[in-house]
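Please open the model in your viewer, with the sequence panel beside it, and follow the selections below in the order in which they are given.

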Amino acid sequence: NGDMYVADCLNHRVSVFSKELQFLNCLGTQQLKYPRDVKVTQDSVVVLDWSPNCLHFFSRRGELLRSFLTQGKDGMVCTPEFFCLDIAGNILVTDRYRHCIKIFSPSGQLIHTIGKERHGRGELYYPR
């Protein structure tokens, strides 16, 4: 519908504006600490929260649908920066300090890791 969703990091929310640039609403005021990135899908608004390294899924009305941690033991994201969604709904999260991209299923299971810290082909250095 043309609405803009802005990850408003230090205000701890996602701000929503109309295509006419009028403020409409805030999402995540109770759940978000440092929203870093936001994407809008047909079904939800997905927010990457830098601390505590979570992905939150909201309805467009702002109701929290589900969340999952991207941080944990080996294989999880150390410092999430940005993310995107592929056509299957998988979530690709860049990990700044581990120099890689982690791919999660829509339910939050780690599927694959791309890259490692180096400067060669197929290797990454501070991916964004």
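Is Phe 104 buried or exposed in terms of relative accessibility? Select Phe 104 in this predicted model: the residue has 0% relative accessibility, and because anything under 20% is taken as buried, Phe 104 counts as buried.

Keep Phe 104 on display and add Phe 68, which is also buried, with a relative accessible area of 10%. The structure holds 5 aromatic pairs, and one of them is formed by Phe 68 and Phe 104, a tilted pair with 5.8 Å from centre to centre and 50° between the planes. The two rings link distant parts of the chain, since Phe 68 belongs to strand 7 and Phe 104 to strand 10 (residues 100-104), 36 residues apart. Adding Phe 57 completes the view of a cluster, in which ring pairs link Phe 57, Phe 68 and Phe 104. With Phe 57 still selected, show Arg 66, which lies over the face of that ring at 3.8 Å from the ring centre.

Turn next to Tyr 97 and Tyr 126, whose ring centres are 6.1 Å apart and whose planes stand at 85°, so that the pair is edge-to-face. Tyr 97 sits in the loop between strand 9 (91-95) and strand 10, and Tyr 126 in the segment after strand 11 (110-114), so this pair ties together parts that are 29 residues apart in sequence. Tyr 97 is partly exposed, with a relative accessible area of 47%, and Tyr 126 is likewise partly exposed, at 37%.

Now select residues 35-40 and 45-49, which are strand 4 and strand 5, running antiparallel and joined by 5 bridges. A hairpin of 4 residues connects strand 4 to strand 5, and within this pairing Asp 37 stands opposite Leu 48 of strand 5. Lys 39 can be shown together with Phe 83, as Lys 39 lies over the face of that ring at 4.9 Å from its centre.

From here, move to Ser 59, in the loop between strand 6 (54-58) and strand 7 (64-69). Ser 59 is buried, with a relative accessible area of 9%, and, leaving aside residues up to four places away in sequence, Ser 59 touches Leu 27, Val 45 and Leu 65.

The last stop is an open sheet of 3 strands in the order 1-2-3, with antiparallel pairing. Strand 1 (4-8) and strand 3 (23-27) are at the edges, each having a single partner strand, so one side of each is left without a neighbour in the sheet. Strand 2 (residues 13-17) is joined to strand 3 by 4 bridges, and the bridge partner of Ser 15 in strand 3 is Cys 26.

How values were computed
Residues numbered from 1 in each chain as written. Predicted model: local features only at pLDDT ≥ 70, side-chain atom pairs only at ≥ 80, totals over all residues. Heavy atoms only, no water. Pairing = 2+ DSSP bridges. Helix = DSSP H or I, 4+ residues; strand = E, 2+ residues; numbered from the N terminus. Buried < 20%, exposed > 50% of the residue type's maximum accessible area, 1.4 Å probe, protein only. Contact = heavy atoms within 4.5 Å. Phe/Tyr/Trp six-rings, centres within 6.5 Å; stacked < 30°, edge-to-face > 60°. Lys NZ or Arg CZ within 6 Å of the ring centre and 35° of its normal.
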